[in-house]
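Q: I have a structure open here and would like to talk through how the chain is put together. Could you go over it with me?

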Amino acid sequence: GGGLTVQTIPLLLGSDAMRAVVSIRDALLAHGQTAVIAVADAHGELLAFLRMDGAPLESGVIAINKAFTAARVRGPSRSLGDNFRTKGYDAAWYGDARYQGFGGGMPMVLDGRTVGAVAVSGLSQDEDEEMAAIGIAAALADHG
């Protein structure tokens, strides 16, 4: 027959999000840097946020929007910005002002599914992405 198959979808937990934030914060402190860190769930909704002392105020909204974007497009926020530039898209085309094209938002992928995203803002785009990768590794460490 035509039975229903239930599929288990991995979830990002608040404790995972906090591990990401703490690992990035520690790495930034070790380098004498400061930034804003945002972690979103698979829908792009905020799970954890930290604006470190001295980080630019405007980087808060940018980090949140980078995390939203990476979760929603299931890819790096920078790739959306690259598409805007190379294909001539306008960000308004997405219909939501939260989509962000700066580098620094990275998706968290577990078992082939995007379960969330980590974003950093306040450094160069490359440094933001490096720090986000540190957070992703920490967040997913317990998930094998």
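The chat below goes through the sheet, the helices and the nonpolar cores.

Q: Before I read too much into it, what kind of model is this?
A: This is a predicted model, and the protein chain in it has 144 residues, of which buried residues make up 44%.

Q: OK, how many helices and strands are there, and in what order do they run?
A: The protein chain has 4 helices and 4 strands, and from the N terminus on they run α-β-β-α-α-β-β-α.

Q: And the sheet, in what order do the strands sit?
A: The 4 strands form an open sheet in the order β2-β1-β4-β3, with antiparallel pairing. The edge strands, which each pair on one side only, are β2 (46–51) and β3 (105–110), and the twist from one strand to the next averages 15°.

Q: How many bridges hold β3 to β4?
A: Strand β3 is joined to β4 (residues 113–121) by 6 bridges, and the two run antiparallel; one of the residues involved is Pro-107, whose bridge partner in β4 is Ala-117.

Q: Which strands does α2 lie across?
A: Helix α2 (residues 58–73) lies across β1 (36–41), β2, β3 and β4, and its direction is at about 160° to that of β4.

Q: Switching to helix packing, at what angle do α1 and α4 pack?
A: The angle between α1 and α4 is about 140°, and their axes are 7 Å apart. Angles over 145 degrees would count as roughly antiparallel, so at this angle α1 is oblique to α4. Their crossing is right-handed.

Q: Which residues meet there?
A: From α1 the residues are Asp-16, Arg-19, Ala-20, Ser-23, Ile-24, Ala-27 and Leu-28, and they meet Met-131, Ala-132, Ile-134, Gly-135, Ala-138 and Ala-139 of α4.

Q: Now the interior: which residues have the most contacts inside the largest nonpolar core?
A: That core has 23 residues, and those with the most contacts inside it are Ile-24, Leu-28, Val-39, Met-108 and Val-118. Two or more residues each come from α1 (14–30), β1, β3, β4 and α4 (125–140), and α1 gives the largest share, with 6 residues. A second, separate core has 7 residues, including Ala-38, Ala-55, Ala-63 and Ala-67.

Q: Going back to Val-118, what is it in contact with, leaving aside neighbours within four places in sequence?
A: Val-118 is then in contact with several residues, among them Ala-20, Ile-24, Val-39, Met-108, Ala-132 and Ile-136. Across the protein chain, 64% of the contacts with a separation of 6 or more are between residues 24 or more positions apart.

Methods: Residues are numbered from 1 along each chain as its sequence is written. This is a predicted model: local features need pLDDT of at least 70, side-chain atom pairs count only at pLDDT 80 or more; totals for chains, interfaces and linings use all residues. Side-chain values use heavy atoms; hydrogens and water are left out. Two strands pair if DSSP finds at least two bridges between them. Axes are lines fitted to C-alpha atoms, for helices over the stretch in contact, and angles run from 0 to 180 degrees between N-to-C directions. Contact means heavy atoms within 4.5 Å. A nonpolar core is a set of buried Ala, Val, Leu, Ile, Met, Phe, Trp, Tyr and Cys residues joined through side-chain atoms within 4.5 Å. Buried means under 20% relative accessible area, exposed over 50%, partly exposed in between (1.4 Å probe, protein chains only). Angles under 35 degrees count as roughly parallel, over 145 as roughly antiparallel, 65 to 115 as roughly perpendicular and the rest as oblique. A crossing is left-handed if the near helix is turned anticlockwise from the far one by less than a right angle, and right-handed if clockwise.
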